[in-house]
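Biologist: Please take a close look at one part of this model, the protein surface that faces the DNA. Cut-offs should be given along with the contacts.

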Protein chains: 2
Amino acid sequence: MSLNLQEKILQAASELFYSQGIRATGVDAIVKAANTTKMSLYKYFPSKDDLVLAFLRKRDEDFRAWFVDQVNGKADTPKAKLLAIFDVIGEWMAIPEFRGCAFINAAAEFPLEGNPVHQVSAEFYDHFRNYIADLAGQCGSISPESLALQLSLLVEGAIVSEQMKRHSGSAEQAKQAAIILIEGSLGDIPDTTLLTDNSEEEQ
Amino acid sequence: MSLNLQEKILQAASELFYSQGIRATGVDAIVKAANTTKMSLYKYFPSKDDLVLAFLRKRDEDFRAWFVDQVNGKADTPKAKLLAIFDVIGEWMAIPEFRGCAFINAAAEFPLEGNPVHQVSAEFYDHFRNYIADLAGQCGSISPESLALQLSLLVEGAIVSEQMKRHSGSAEQAKQAAIILIEGSLGDIPDTTLLTDNSEEEQ
DNA sequence: ATTACACTATACCGACCGGTATAGTGACAA
DNA sequence: TTGTCACTATACCGGTCGGTATAGTGTAAT
């Protein structure tokens, strides 16, 4: 709660950027929401572009920390965590404030290739995939990187699908697909048997 | 080549909307690109919003027609067509004009839930999934709708992934995942190894 | 008391936004 | 000749955009 002014501005901007869109959010609106003035905003963020990048970089850290926390709260084994990813995504989608993925949205709002926004967004998903690949490696995937990329495609697909049409069950379908891909990548029998087959792995 | 004025305006707007983004494209820029005047534009499209929706609706028809054509040119059997989908997506992503999916981008640019843009975008993917479900049904999928939704998630995921980071092989990975999901959904043996309990294989 | 500094207050800038008003042009039909 | 109609030309509207200039306030250290 002890936010200094810079953090307060960034937080106000972040909420507006995510809920209304970046281009749709004017600097004046941010200033008003943060209860400060333009001069202070431009002291800490020399341009709106800087503020946008700061927003994305903080979102990168915050969202991933939150996400890993959620997954850890739902599952103990690496394999169960891989599946829990889709439960967390599903619950996230269900909250009314859900407006899709901030990074995908940002990349869509600034379509020109090579925009710094794309780079930060790509980095987020690199981190995200690394996290999945770690889990995949821990439970003995044949190709952790392949599995991680495939699962991340399902996640991203589910997010944008849900964004265009709410409550269409994309997270559940993504999970079903993930189950098959995971089992296949572990060299197990797919389908029907489901999880906890190989409780040989510890932790 | 025999474009009337209305079509010419819509085409100019479409190219700008897709390449630069919708919000980033001013009415004046469209007018200039179409070599006409504001008065004519506003005669055919009472507001920019109308023009945006016209753009998306036409894109819906055009893109799907083009896409089905491409797939048919690559494969003959329904099963081969399911896989060819990912080849077409992969080639589309490789062209320099690629800026992601117009519908996903539009939904991201107008984040408020219930925006007409979302509805048109959702309809596009409904059509897209129906097309996949048809193919899935034709080659004997256990659950064509499930498979279609799963494959569409892979496609959407690959598109947004490629948008944020070009040439990262997302289409190829999506195809690898699709192979497993398709084989699984047809009741076949998924990969190089492994048996399957329900030997209900047909076709 | 003086200085330094973080912050506020407010007015302003040129540029652009979506959209409109008014007038005019050229072709074609009655 | 007259009217209609698609289209052009241009000036204009209020509002908002990102960003800046100038002046002032409160506080805490020196």
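Modeller: The account below takes the two DNA strands in turn.

This is a predicted model, in which local features need pLDDT of at least 70 and side-chain atom pairs count only at pLDDT 80 or more, while totals for chains, interfaces and linings use all residues. Residues are numbered from 1 along each chain as its sequence is written, chains are lettered from A and ligands numbered from 1 in the order in which they are written, and side-chain values use heavy atoms, with hydrogens and water left out.

DNA strand D has 17 residues around it, where a residue is near a strand if one of its heavy atoms lies within 4 Å of it. Val27(A), Lys38(A), Lys48(A), Thr36(B) and Tyr44(B) come nearest. Of the strand D atoms within 4 Å of the protein, 60% belong to sugar or phosphate, and the rest to bases.

Several polar contacts (pairs of N or O atoms within 3.5 Å) involve phosphate oxygens of strand D. From chain A, a polar side-chain atom of Lys48(A) lies 2.6 Å from one such oxygen. From chain B, the side chain of Thr36(B) places an N or O atom 2.5 Å from a phosphate oxygen, and for a polar side-chain atom of Ser40(B) the distance is 3.0 Å. The elements giving two or more residues to this surface are helices H2 (27-33) and H3 (38-44) of chain A and helix H3 (38-44) of chain B; helices here are DSSP runs of H or I, at least four residues, numbered from the N terminus. H3(B) has the largest share, four residues.

By class, the surface near strand D has six nonpolar, seven polar and four charged residues. Ala, Val, Leu, Ile, Met, Phe, Trp, Tyr, Cys and Pro count as nonpolar, Asp, Glu, Lys and Arg as charged, and the others, Gly among them, as polar.

DNA strand C is likewise surrounded by 17 residues, the closest being Thr36(A), Tyr44(A), Val27(B), Lys38(B) and Lys48(B). Sugar and phosphate make up 58% of the strand C atoms that come within 4 Å of the protein. A polar side-chain atom of Thr36(A) is 2.5 Å from a phosphate oxygen of strand C. In chain B, Val27(B) uses a backbone N or O atom, 2.8 Å from a phosphate oxygen, whereas Tyr42(B) uses a side-chain N or O atom at 3.0 Å. H3(A) gives the most to the surface near strand C, with four residues. That surface has six nonpolar, seven polar and four charged residues.

Note on methods:
A polar contact is a pair of N or O atoms within 3.5 Å; within protein, one must be able to donate a hydrogen and the other to accept it, and residues adjacent in sequence count only if both atoms are side-chain atoms.
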